[in-house]
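Work through the exercises below with the model open. Each task is followed by a stepwise solution.

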Amino acid sequence: MSFLYKLVVNTLVFVVFHYLFPYGLTVKDWTSAFVAAIVLALLNTFLKPLLHIISFPITFITLGLFSIVINMIVLAVDASLVSGITIHGWGWVFILSLVFSFTQSLITSTERIR
């Protein structure tokens, strides 16, 4: 249930961000947003831990701030793999990665309360 909940929330983040900032993110339709959420979940499961292991020294030196760059890379890979999602520039990738980080921390905190 938790995985499906995260997929729905990530899909909504893609769609809402598209409607709020159409010049920053283009989403073709709901299906593309859902596929992007699934691909993002897979990338967060398989690619992100590998990137964290490889970049551990620089993450340690920057006191964890390099994790934002890793999130940006994962999100950019997601946008390049899904044909219905386009992010217009690295600035928007940065903002969208912060939004995803915030929503995931909210989901995690609400799961702990239950």
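**Exercise 1: two helix residues**

Val9 is buried, with a relative accessible area of 18%. Buried means under 20% relative accessible area, partly exposed lies in between, and exposed is over 50% (1.4 Å probe, protein chains only). The model is predicted: local features need pLDDT of at least 70, side-chain atom pairs count only at pLDDT 80 or more, and totals for chains, interfaces and linings use all residues. Residues are numbered from 1 along each chain as its sequence is written, and side-chain values use heavy atoms, with hydrogens and water left out.

Task: Is Tyr19 buried or exposed?

Solution.
- Place the residues. Val9 lies in helix α1 (residues 2-20). Tyr19 is found in helix α1. Helices are DSSP runs (H or I, at least four residues), numbered from the N terminus.
- Read the accessibility. Tyr19 is exposed, because its relative accessibility is 62%.
- Add the distances. Val9 and Ile107 are 98 residues apart along the chain, with C-alpha atoms separated by 8.7 Å. Tyr19 and Val69 are 50 residues apart in sequence and 25 Å apart in space, C-alpha to C-alpha.

**Exercise 2: the largest pocket**

Task: Which element gives the most to the lining of the largest pocket?

Solution.
- List the lining. Among its residues are Asn10, Leu40, Asn71, Phe100 and Gln104.
- Group by element. α2 (30-54), α4 (66-81) and α5 (90-113) give two or more residues to this lining.
- Pick the top contributor. α5 gives the most, with 4 residues.

Methods
On a 1 Å grid over the protein atoms alone, a cavity is a set of points where a 1.4 Å probe fits but cannot get out, and a pocket is an open set with protein on both sides within 12 Å along at least five of seven lines; lining residues have an atom within 4 Å of a point.
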